[in-house]
Amino acid sequence: MSEKFIDILKDIRDVKYPDIVEKSEQVSLDSATVVEKTQVAVENAQVATDNANLTALDVIEVNNKKDEVVSTSILVSEKAEIVSNAATVVEDRVNSVYIGQSAASIGFATKADLDSNLNYDENTLAIVTNDAIPENNGTYRKIGATGEGSWMQSSFDRVTLLENELFFKADLILGKNLFDKTSALIAYYMTEDGVAHAYDNYDVSDYIKVKPNTEYVSASSMDFQTFFDVNKNVVDGGSSDAVKSITTTAETVYVRVSIKHAILDTFQLEEGSAATEYESFKKIISSEQIPEGLFLTNESLIPIENDIENITNSVTQNTTSLKEKADLILGKNLFDKTSIIPDSYMSTSGYIAAYDGYGISDFIKVQPDTQYISASRMRFTTFFDINKNVIDGGDEDVYTLTTSADTAYVRVTVYNSDLDVFQLEEGSTATEYESYGKFIDESQIKPKIPEEIIVAYPKLYLNGDGQTAKVETQSDGHTIAREFRPFYASSVTTSSEFKIGHDVIDGVDMRGGYDDDAPYRMFSPRRTIGANHGWDMFECSASAHGKTIDDAGAIYSNDDIEYILIGIKDADTLYMAQRNELSYSIPNDTYVYVSNGSNTDDIVVSSNVMKQWYQVFQNHTLDIYIDGVLTTEKTGEFHYDKNIQFVESYEVLDRSELVAWWENNAKSGSVNPQGMSASFRVSITHTYDMDAQYTVYSDFMALKEMTLGDIMFLQAVKFNPADGNVSYYIPNSLPVTHDDVDYNYAMVDDADTSSWSSYYKFTPDVCEPSPAVLLDRVIQLSDNYYYAMGYIPIYSTSLDERRDNATVKALEISTGAKIYLSAIDKGETVLNKGESFGTIGYRNFGVRPANMTSFYKVRTIQGTYLYVDFHNKSEDFILDIEAEDVGKHFEIVTQRNVSNLSKVLNGKFSLTVDATNDYAFLVLKIN
């Protein structure tokens, strides 16, 4: 049977009036939802019944409602099953036709194969299935004796006749999603000239049929777009810019788009100007062309849909009725960490000021003349009356407060490091921590649905523009949180890209700051650009300068050097930069007006200080995926099962392009360049898994000829858990001497670099020689915790490429103990357009394991990587393997002083460690 015919029959099976099977699946999903909602209602009603003083009539009413909802939901589930079963009728009938015809037959792929095989008796039946010429497929009968004669095709082949009838009768039409992921060219991208390039992070669509002069849109970025005419020849209109919409030209008949592999399963391209909810790619048969009687009709679904609606309404009404019967009261902890003003403090007089280390509580209702206490220090306390006016009584640096007779509210300023464990409670003795929450007073409990459903870990918390967000989970009795800032408002002094922040265990801040995003060292002369780094500018004091936004982009001159006015901070302060030259200082002097301004007065600068000039990029996008589903929300609390992904992309401009844009566009007030010739594109996917561990997919591509210095896809500030001295463990490093002090980081050595006179660079000659892996990870260790950062041995940091790509240095440690792990560092190199680098990095942290130096896993779309390290140990050892990995295929990536491994990845994995006065490690890839 031909593949075309099979596909058509499957379409008939799957689609009655176009969405019949989708409706039956939805019925099943809706009935499951109803059962789930019913169970919640039943459980909560039962809890309330068990704990309340109910009358007999109350109990009877609740139980009757429970029985009614459960019975009806079971009925809906049964009807849904009938609909699903009906959808298989056609498949059974098709199989019968095929089996009946193919019994006692022989099969050939092509007609040529059939014609070359004549050694069959006369009247033998044969079937050709996969000939490139469709009409050659079908049933044949042997004419002539064995070894001679020919094969004659049947004109009355039942399968062929049915295939032709259906194929010419049924016109398949596409759904709204034009992108078919099953026909995509995996691990390639295609530039606008139609040339496909191999690259693991991208996939290219097949030819997508489009209309001329028509707009098409996607919720996700298309990094390359290629346009074709009716003969599939490349035509103008495509581009290498990352966009979310395209408009075809008059001669465009087909397009092909290149997207990141991470969004393959959720990408949708549709006609129009606004992206809609995702729908999988599908082909649909017009309802007029399908014989009646094969499926249930649309009308037969109406009673089932009504049942679902009635049950849902019943549960909702019952929930509302029960919920209104109970009043909620606060628990003992009066501090709600979700309603704080972050990065600010409030003085005792009610003055609010920005400060990174603090957070201010909301108004906390208190009793007059009453003492309150916290186990954590309050930096400031502020008292308010019933109208929320500030009154006397506030204090600084205290653990207790006592309200006055007219105190109705207080607000407290707490340290950021205490936010997750801070508790303010009534009394004179601090008690065990309890999270903030509202509860039912047991003296007045009535049947109810809870005020809010507590979602299980892991969770994502988004708090809006400019605010700190986090993922949080629980593991082995510990609460782990990773903070970050995904949404920044653009300004000339603030870079708006995703920023990695604090790592917290059980409320203890293990690493602080927002300076872990690695920049790029580019151009000639070399400059550090991207992430937190902009081009240089100067904040200039110029008293009563009189400049306005209409003067932004104006040109001035001093000592034959031209300067551009970037922006106005206030009436006495301006931002300026050299127009064509770079230096680390500018003179305090008079700057003579040249052109492009409204106010032609000169500028007199009395003092200046260097600042970073943002934004240095264009086409910045950031998409959020929760378990693979795109969300546009910026605030809220979300449960996830697998991972959270922040998919980010932007194009970096060299200084001349940035200056040119600013001269022509600064007066608009925008600080986001567009339409310039960017030097390189960065694509980054920040991923947090169910254990809150961080993996980052990084890609760098040159968009025109440019000079490359080096690329640190990873950097990290020092680990600081305050539970003992921090040490570095750097596998595959050799002993070194710096500032006359010997270090052996492979055997774990002190991480205190405060006395160093200079940075230390780990060049290849201070790393283990080949065939050992060139240094690609660093683990920071305290007494109880670890922080591991490194590259997966893949792409530009693979075992084969790492030594070629990091010939200058593999790692650098600063005098402030900051770590810079180089991915690409092979000296100043000229890149051509289209050259690219990419890798997968990770940042894992947690509680140190017993009897091992470290033991952690990194989940990636390429597989899970398992790392285990030992020091000064020689014994047979057993690793505990998590259930999600048991039974999977594994391979050894690299190992040292480890042998006798188990053959199967079971719950207990055996190995032998031989590392007396030495170290050992094992890296496995689990597929």
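Me: In β54, which residue is the bridge partner of Phe762?
Reply: This is a predicted model, in which local features need pLDDT of at least 70, side-chain atom pairs count only at pLDDT 80 or more, and totals for chains, interfaces and linings use all residues. Residues are numbered from 1 along each chain as its sequence is written, and side-chain values use heavy atoms, with hydrogens and water left out. Strands β51 and β54 (residues 811-813) pair in the antiparallel sense over three bridges; strands (E, at least two residues) and helices (H or I, at least four) are DSSP runs numbered from the N terminus, and two strands pair if DSSP finds at least two bridges between them. In β54, the bridge from Phe762 leads to Leu811.

Me: Which are the edge strands, each pairing on one side only?
Reply: Four strands make an open sheet in the order β46-β55-β54-β51, with antiparallel pairing. The edge strands, each paired on one side only, are β46 (714-716) and β51.

Me: What does the twist average from one strand to the next?
Reply: Axes are lines fitted to C-alpha atoms (for helices over the stretch in contact), and angles run from 0 to 180 degrees between N-to-C directions. For the open sheet β46-β55-β54-β51, the average twist from one strand to the next is 15°.

Me: How many residues lie between β17 and β18 in their hairpin?
Reply: β17 pairs with β18 (residues 352-360) in the antiparallel sense over five bridges, and Met346 has Ile352 as its bridge partner in β18. Gly350 in the turn of this hairpin has a positive phi of about 90°. The number of residues between β17 and β18 is five.

Me: What does the count of salt bridges come to?
Reply: Side chains of opposite charge can pair when their charged atoms come close. The rule here is a side-chain nitrogen of Lys or Arg within 4 Å of a carboxyl oxygen of Asp or Glu. By this rule the number of salt bridges is 41.

Me: How far apart in sequence are the parts that Lys211 and Glu271 tie together?
Reply: Lys211 and Glu271 form a salt bridge through their side chains, at 3.2 Å from N to O. Lys211 is in the loop between β8 (208-209) and β9 (215-222) and Glu271 is in strand β14 (residues 270-271), so the parts they tie together are apart in sequence by 60 residues.

Me: Are Asp343 and Arg485 buried or exposed?
Reply: The closest N and O atoms of the salt bridge between Asp343 and Arg485 are 2.7 Å apart. Asp343 is in strand β17 (residues 341-346) and Arg485 in strand β27 (residues 478-485), so this pair ties together parts 142 residues apart in sequence. Relative accessible area under 20% is called buried, over 50% exposed, and in between partly exposed (1.4 Å probe, protein chains only). By these limits, both Asp343 and Arg485 are buried.

Me: Which residues have the most contacts inside the largest nonpolar core?
Reply: In soluble globular proteins, nonpolar side chains tend to be buried together. A nonpolar core is a set of buried Ala, Val, Leu, Ile, Met, Phe, Trp, Tyr and Cys residues joined through side-chain atoms within 4.5 Å. The largest one has 91 residues, and those with the most contacts inside it are Tyr520, Trp613, Trp662, Phe680 and Phe700.

Me: Which residues of α8 are buried?
Reply: The cover over the buried residues of α8 includes β32 (535-541), β33 (555-558), β34 (561-570), β35 and β38. Leaving out residues up to four places away in sequence, Trp662 touches Val492, Gly553, Ile564, Leu565, Ile566, Trp613, Tyr614 and Val671, where contact means heavy atoms within 4.5 Å. The buried residues of α8 are Arg655, Glu657, Leu658, Val659, Trp661, Trp662 and Glu663.

Me: Is Asn851 buried or exposed?
Reply: Asn851 is in the loop between β57 (836-847) and β58 (854-860). Its phi is positive, near 70°, in a residue other than glycine. With a relative accessibility of 55%, Asn851 counts as exposed.

Me: Which residue does a cis peptide bond join to Tyr614?
Reply: The bond has an omega of about -5°. The partner's place is in the loop between β38 (607-613) and β39 (617-626). The residue joined to Tyr614 is Gln615.
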